[in-house]
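Trainee: Could you take me slowly through one part of this structure, the pocket that holds the ligand, and then set it beside the other features worth a look?

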Amino acid sequence: MSIIKLKEVNSTNLYAKEHLSELADKTVIIADRQTNGRGRFDRVWVDLGGDNLFMSIVLKPSDKFLNVYPNLTQYLSVVVCKVLEYYGLQPNIKWPNDVLIKGKKISGILSETVTQGNNLKGIVLGLGVNLNSDNETLSSIKDKEATALNIELSRDIDKDEFTEKLTSEFFRFYDEFLRKGFVFVRDEYLKRACFLESEISVRVFNDVKSGFVKSINDDGELVLENDKKEFVLTMGDIL
Ligand code: BTN
């Protein structure tokens, strides 16, 4: 693993995609500031300042796209939880990969794949974690209630220390995860998942699907039931 540290960039994901051919497998890109941070479904990821984590992990596991790759975001969400637990918090995962503290979002993940024809050029796994902020600044995040680690712990957080714990935990079981797939982390994921066995609505692009959460299956998909019929969602945003 190698780390590239940037002072300011539009988005670490965009940077990683633009420089993908020159970047080795397992390169981590970290920026102090992002001027155009991006979230899932084309949302904005607000820059809360240089003491927060804006990171992209460049992965080039194979030339062909494998079914396990979409689950990397869920693997990473478990890793984020483990690090937050080390700091004494009790995080939850909101399917598929948001990490929450007492219902407030502390971390988001955006995975992007770059392909050329049938060839996979690489995966860019982007992660934002709110490490140091204040309630006034967090209120500029309009779509969801958010929190930051320093607020939860009432002390400043050392970004380098947090980043070191996160990257080492990520790469500790990364190869095993690729071999075994989502089932490798399913139990760890489920024990932190919220909204299980409850009625929910999920936005999938311009559509909203509602139902009772039956489970999260071995592929990490959300299994819902509505009108005694089961259906499976592979992506979406729980409302
Ligand atoms: C989401 O919750 O919608 C995903 C947010 C992902 C944000 C991170 S910050 C680092 C990387 N660069 C980006 O532009 N986005 C991701």
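Mentor: The second largest pocket of this predicted model has a volume of about 400 Å³, and its lining is made up of 28 residues. Among these, the ones that lie nearest the centre of the pocket are Arg38, Gly39, Val44, Trp45 and Gly108, so you can start by finding those five in the view and working outwards from them. If you sort the lining of this pocket by class, you will count eleven nonpolar, ten polar and seven charged residues. Four elements, namely helix 1, strand 3, strand 6 and strand 7, each give at least two residues to the lining of the second largest pocket, and strand 6 provides the largest share, which is four residues.

It is in this second largest pocket that the ligand sits. Around the ligand there are 20 residues, and the closest are Ser11, Gln34, Arg38, Arg40 and Lys105; you have met Arg38 already, as one of the residues nearest the centre of the pocket. The shell around the ligand consists, by class, of six nonpolar, ten polar and four charged residues. Helix 1, which covers 12-18, strand 3 at 53-59, strand 6 at 104-116 and strand 7 at 119-129 each contribute at least two residues to this shell, and the largest share, four residues, is again that of strand 6.

Now look at single pairs of atoms between the ligand and the protein. The side chain of lysine 105 has a polar atom that lies 2.6 Å from an oxygen atom of the ligand, and in the side chain of serine 11 an N or O atom is 2.8 Å from a ligand oxygen. With threonine 12 the ligand takes part through a nitrogen atom, which is 3.1 Å from an N or O atom of that side chain. On its own the ligand has 410 Å² of accessible area, and the protein covers 99% of it.

For a comparison, turn to the largest pocket, whose volume is about 840 Å³. Its lining consists of 31 residues, with Pro70, Thr73, Ser111, Thr234 and Met235 lying nearest the centre, and the elements that supply two or more of the lining residues are helix 2, at 72-86, and strand 6. Strand 6 gives the largest share here, five residues, and the lining of the largest pocket as a whole divides into 13 nonpolar, eleven polar and seven charged residues.

Two features of the backbone also deserve a careful look. Most residues other than glycine have a negative phi, and most peptide bonds are trans. Tryptophan 95 and proline 96, however, are joined by a cis peptide bond, with omega at about 5°, and proline 96 is found in the loop that runs between strand 4 (92-94) and strand 5 (98-101). Lysine 26, a residue other than glycine, has a positive phi near 70°, and this lysine 26 belongs to the loop between helix 1 and strand 2 (27-34).

Definitions and conventions: Residues are numbered from 1 along each chain as its sequence is written. This is a predicted model: local features need pLDDT of at least 70, side-chain atom pairs count only at pLDDT 80 or more; totals for chains, interfaces and linings use all residues. Side-chain values use heavy atoms; hydrogens and water are left out. A residue is near a molecule or strand if one of its heavy atoms lies within 4 Å of it. A polar contact is a pair of N or O atoms within 3.5 Å; within protein, one must be able to donate a hydrogen and the other to accept it, and residues adjacent in sequence count only if both atoms are side-chain atoms. Accessible areas come from the Shrake-Rupley method with a 1.4 Å probe; for residues, only the protein chains shown count as cover. On a 1 Å grid over the protein atoms alone, a cavity is a set of points where a 1.4 Å probe fits but cannot get out, and a pocket is an open set with protein on both sides within 12 Å along at least five of seven lines; lining residues have an atom within 4 Å of a point. A molecule sits in a cavity or pocket if more than half of its atoms lie within 2 Å of its grid points. Ala, Val, Leu, Ile, Met, Phe, Trp, Tyr, Cys and Pro count as nonpolar, Asp, Glu, Lys and Arg as charged, and the others, Gly among them, as polar. Grid points are joined across faces, edges and corners, and a volume is the space filled by probe spheres set on the points.
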